[in-house]
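User: I should like to examine the reasoning behind several assignments in a model. Please set each value against its criterion.

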Amino acid sequence: MRADSLRRFLDERNPPTPCLVVDTDVVADRAREVRSAFPGALIRYAVKANPAPPVLDALVAAGIGFDVAGPAELALCLERGAAPADLAYGNPIKKPRDIAFAFERGVREFTSDAPADVDHLGRYAPGSAVSIRVVLDAPDSVTPFGRKFGCEPAEALDLVLRAAALGLRPGIAFHVGSQQPDVAAWEIGIATAAKLFAEAEAQGVAMTRLNLGGGFATTHRAAVPSLAAYATTIASALDTYFPEDRPELMLEPGRVLVADAGLLRTEVVLVARRGERRWVYLDIGRYNGLAEAENEAIAYRFEPVGPLGGPTGPVVLAGPTCDGDDVLYQRTPYELPLALRSGDRLDVPGTGAYTASYASVGFNGIEPLRTRCVGRWGDV
Ligand SMILES: *Cc1c(COP(=O)(O)O)cnc(C)c1O
């Protein structure tokens, strides 16, 4: 229903393509849904998913806090009216001077996964809450983090004790990988955390905070669990592994708050036969908005705009730049009308997350993806 109003906006205004439209009312609705699915949890939106100021405004109004990755996102959230107490510096990879910057501006919540960073926090963010991020033996998400973040659970206890000794307030964090369709991943994380809570307690350190990260998946071509399904599994895992008293929960959703609020319109630049295959080149590609098509990880939907009927046939989808890697899908099967020609347009729904924020600044002279925000907090 909301996608219809975004389509109407694009039809009426006819902005140059590619263009992303984000409905801030949908963002606010999603915020309410996340809050009611996880009552009592602290919700910190991962700003990197979509840092457009109207999106942040809608979330501030909904009482959501922010997970920031560095000083620029931090300053942006403060500028949009977020309170420092509602900010969490969730990036384990940070410079000491960026920790000091955050602390100076009132941030008291951090995530860490390495001894040197815990030491920096002890020095530059004294007394702060620090969640130690553990790596999980959980099923891969669509866009997994690999081994880049998180320490082994065995090392996590050392970091918890180290943080406590430095006067920090330790907790546990995990992130199951973005676009994680397997709800069991959170069960594994919660079980791992419960073990660490007990081990720390045995050493005289009482932890209170459990950060469940983000990772909730959104619908593109394949069905994904509902927010309610994630919430039910998480609640029952908490009952199982923390039967006595539940820790204070923090969540860092990104994608699930904004993806469905966005609709992207693109124009067909060229249709060409290459051997057996029909290639369709769009004015959107991996460098100006669809970075998550890398490895064909996220398979977006492409819907012809207007009366493009008739039979369809298989296509390879590619972006507009002169880069050989700027191909969107050559293994994932896609079909589009055989009548498709240069100048025809396609809508790509569910594109409010990790699109504009991933666009390059000007590769091949192509400008970053334009975002228009509509709805109550809109800018048009
Ligand atoms: C990116 C990120 C998130 C958000 O992940 P989603 O899959 O968009 O929900 C949350 N926490 C951290 C630390 C992140 O890096």
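User: How far apart do the end C-alpha atoms of residues 27-259 lie, and what are the helix and strand contents of the span?

Analyst: In this predicted model, the end C-alpha atoms of residues 27-259 are 9 Å apart. The span is 42% helix and 14% strand. An unreviewed UniProt entry lists these residues as "domain: Orn/DAP/Arg decarboxylase 2 N-terminal".

User: What makes the pair formed by S178 and the ligand a polar contact?

Analyst: The criterion is a pair of N or O atoms within 3.5 Å. A polar side-chain atom of S178 lies 2.4 Å from an oxygen atom of the ligand, so the pair qualifies. Backbone atoms also take part: a polar one of G254 is 2.9 Å from a ligand oxygen atom, and a polar one of R255 is 2.8 Å from a ligand oxygen atom. Both values fall within 3.5 Å and therefore count too. The protein buries 92% of the 390 Å² that the ligand exposes when taken alone.

User: Which residues are closest to the ligand, and how is the shell around it divided by class?

Analyst: The ligand is surrounded by 14 residues, the closest being K48, S178, E252, R255 and Y354. Three residues of the shell are nonpolar, six are polar and five are charged.

User: How do you know that the ligand sits in the largest pocket?

Analyst: The test is that more than half of the molecule's atoms lie within 2 Å of the pocket's grid points. The ligand is assigned to the largest pocket, which means that this condition is met.

User: Why is the bond between T17 and P18 called cis?

Analyst: Its omega is about -5°. P18 belongs to the loop between helix 1 (2-13) and strand 1 (19-23). Most peptide bonds are trans.

Methods. Residues numbered from 1 in each chain as written. Predicted model: local features only at pLDDT ≥ 70, side-chain atom pairs only at ≥ 80, totals over all residues. Heavy atoms only, no water. Near = heavy atom within 4 Å. Polar contact = N/O pair within 3.5 Å; in protein donor to acceptor, adjacent residues only side chain to side chain. Areas by Shrake-Rupley, 256 points an atom, 1.4 Å probe, with all protein chains shown as cover. 1 Å grid on protein atoms, 1.4 Å probe; cavity = no way out; pocket = protein on both sides within 12 Å on 5 of 7 lines; lining within 4 Å. Nonpolar A, V, L, I, M, F, W, Y, C, P; charged D, E, K, R; others polar. UniProt positions renumbered as here; feature names shortened; annotations may be inferred. Helix = DSSP H or I, 4+ residues; strand = E, 2+ residues; numbered from the N terminus.
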